[in-house]
Amino acid sequence: MKINNFPEQIPIFPLSNAIFFPRTTLPLNIFEDRYIQLVNDCMKGDRLFGMVQPKFKTDVYKIGCLGKIINFEETADRRFIILLSGILRFEIKNELKIDKLYRKFTVDYSNFSDDLNLDSNKYQKITDEQLMKKIKIYLHKKNIFIQFSELKNLDFEQIVNTACMISPFSKEEKQKLLEAQNIKQKIKILDEVLNFNLLDDFENKTVQ
């Protein structure tokens, strides 16, 4: 698909410390009225909305990821359980005035056209065993246990993205990872973030 196939005006779901990437999935439990309305409206249309992190008050980060609802379930207590599939990242340009509980923005995808490059060879040639070891050590220290064998069908970038999504990094660290222009830059940033957090854990235990 091409960038011009995607809407320039999209509903936005700001969620703190939550990022997701193209070619990953994000489960969401929708219970607030404004986001129930958002999902209802999306289900009547193209099922597309964007995820961004809030900064403070009403301000949000400018870079987020467009997702499509690929699974939808309504619970007995009228919540929605959805699964969002990441398509490509966007940059927010301005907020629109709409008569809705949720927010809607004009966005630009042009800086992230490579997100739509689904050439599998592009990803399979990239690997970094040292980084994988650090990811496993960090997640273990945070008591987050993943059966990495279950991720064998994913390419290296998808595994890295999954680790970025589930790791309890700060929102600033998560945003840096989301905004990385390519996999090599993302690996570099993730390595720096892991080194900082692993060192911080070690120093805290030493002080104690």
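In the protein, residues 24 or more positions apart make up 67% of the contacts with a separation of 6 or more. The model is predicted. The protein has 208 residues, and 43% of them count as buried.

**Fold and dimensions**
- The protein contains 6 helices and 8 strands.
- Their order along the sequence is β-β-α-β-β-β-β-β-β-α-α-α-α-α.
- The radius of gyration is 18 Å, which agrees with the value near 17 Å for a compact globule of 208 residues.
- The C-alpha trace spans about 55 × 40 × 35 Å along the principal axes of the protein.

**Surface and charge**
- About 12000 Å² of the protein is exposed, and 49% of that area comes from carbon and sulfur atoms.
- Side chains with a positive charge number 32, and those with a negative charge number 29.
- The centres of these two sets of side chains lie 1 Å apart.

**Aromatic pairs**
- The structure has 5 aromatic pairs.
- In one of them, F72 and F80 have ring centres 4.9 Å apart and planes at 55°, so the pair is tilted; planes have to be over 60 degrees apart to count as edge-to-face.
- F72 counts as partly exposed because its relative accessibility is 30%.
- F80, in contrast, is buried, with a relative accessible area of 3%; the cut-off for buried is under 20%.
- F13, Y35 and F49 form a cluster linked by ring pairs.

Notes: Residues numbered from 1 in each chain as written. Predicted model: local features only at pLDDT ≥ 70, side-chain atom pairs only at ≥ 80, totals over all residues. Heavy atoms only, no water. Helix = DSSP H or I, 4+ residues; strand = E, 2+ residues; numbered from the N terminus. Rg over C-alpha atoms; globule rule 2.2 N^0.38 Å. Buried < 20%, exposed > 50% of the residue type's maximum accessible area, 1.4 Å probe, protein only. Contact = heavy atoms within 4.5 Å. Areas by Shrake-Rupley, 256 points an atom, 1.4 Å probe, with all protein chains shown as cover. Lys, Arg positive; Asp, Glu negative; His and termini not counted. Charge placed at Lys NZ, Arg CZ, Asp CG, Glu CD. Phe/Tyr/Trp six-rings, centres within 6.5 Å; stacked < 30°, edge-to-face > 60°.
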